[in-house]
Amino acid sequence: MHNKLPVQIVSRKKHGFLVPLDKWLGGELNRYAREIIINDGNCSMRVLGRDKLERLFNPARGLKSLENKIMIWRILIFELCFKQYIRA
């Protein structure tokens, strides 16, 4: 790789990458996430309640919008994993 990539790339420390949640949850994934998360049979509905989950999907601005999308993403992944590995 040293002969194919610039020195700055090869010698820098590892770092993660950002998931484009704003783009993903601003489109069709938003509708899918809502269907999965706001479902009476899910854990998050029983633990957090419909009102709190509905508020996550309400339009917000700035940092609050990003925080909501991060929380939606986390809950979505939890629900999908729970459905796949625990409830199955």
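Ser 44 is buried, with a relative accessible area of 6%, in a model that is predicted. The residue belongs to helix H4, the part of the chain where confidence is highest, at a mean of 93. Met 45, also placed in H4, counts as buried too, at 9% relative accessibility. The points below take H4 first, then helix H6, the packing of H3 and H5, the aromatic pairs and the confidence of the model.

**Helix H4: Ser 44 and Met 45**

- H4 covers residues 43-48.
- Beyond its neighbours within four places in sequence, Ser 44 is in contact with Ile 37, Gly 49, Leu 53, Ile 75 and Glu 79.
- Of these partners, Ile 75 and Glu 79 are among the buried residues of H6, and H4 is in turn one of the elements that cover the buried residues of H6.
- Met 45 has contacts, outside its neighbours within four places in sequence, with Ile 37, Ile 38, Asn 39, Asp 40, Arg 50 and Leu 53.
- Ile 37 and Leu 53 thus appear in the contacts of Ser 44 and in those of Met 45.
- Met 45 counts as buried because its relative accessibility, 9%, falls under the 20% cut-off.
- Between the C-alpha atoms of Met 45 and Lys 4 there are 50 Å, with 41 residues separating the two along the chain.

**Helix H6**

- H6 runs over residues 62-86 and has 25 residues.
- From its first C-alpha to its last, H6 reaches 36 Å, close to the 36 Å expected at 1.5 Å a residue.
- Its buried residues are Ser 65, Asn 68, Lys 69, Ile 72, Ile 75, Leu 76, Glu 79 and Phe 82.
- The cover over these buried residues includes H2, H3 (28-37), H4 and H5 (50-57).

**Packing of H3 and H5**

- H3 and H5 pack with their axes 11 Å apart, at an angle of about 175 degrees.
- The two helices are therefore roughly antiparallel.
- On the H3 side, the contact is made by Asn 30, Ala 33, Arg 34 and Ile 37.
- On the H5 side, Leu 53, Glu 54 and Phe 57 make the contact.
- Ile 37 and Leu 53, which take part in this contact, are also partners of Ser 44.

**Aromatic pairs and Trp 24**

- The structure holds two aromatic pairs.
- One of them joins Trp 24 and Trp 73 in a tilted arrangement, at 5.4 Å centre to centre and with 45 degrees between the planes.
- This pair links distant parts of the chain, since Trp 24 lies in H2 (residues 21-24) and Trp 73 in H6, 49 residues apart.
- Trp 24 counts as partly exposed, at 36% relative accessibility.
- Trp 73 is likewise partly exposed, at 25%.
- Leaving out neighbours within four places in sequence, the contacts of Trp 24 are Val 19, Leu 29, Asn 30 and Trp 73.
- Asn 30, one of these partners, also takes part in the contact of H3 with H5.
- Measured in sequence terms, Trp 24 and Gly 49 are 25 residues apart, and their C-alpha atoms lie 24 Å apart in space.

**Confidence**

- The chain averages a pLDDT of 88, and 97% of the residues score at least 70.
- Confidence is lowest in helix H1 (residues 7-11), at a mean of 85.

How values were computed: Residues are numbered from 1 along each chain as its sequence is written. This is a predicted model: local features need pLDDT of at least 70, side-chain atom pairs count only at pLDDT 80 or more; totals for chains, interfaces and linings use all residues. Side-chain values use heavy atoms; hydrogens and water are left out. Helices (H or I, at least four residues) and strands (E, at least two) are DSSP runs, numbered from the N terminus. Buried means under 20% relative accessible area, exposed over 50%, partly exposed in between (1.4 Å probe, protein chains only). Contact means heavy atoms within 4.5 Å. Rings of Phe, Tyr and Trp (its six-membered ring) pair if their centres lie within 6.5 Å; planes under 30 degrees apart count as stacked, over 60 as edge-to-face and the rest as tilted. The expected span of a helix is 1.5 Å times one less than its number of residues. pLDDT is the predictor's confidence in each residue, from 0 to 100. Axes are lines fitted to C-alpha atoms, for helices over the stretch in contact, and angles run from 0 to 180 degrees between N-to-C directions. Angles under 35 degrees count as roughly parallel, over 145 as roughly antiparallel, 65 to 115 as roughly perpendicular and the rest as oblique.
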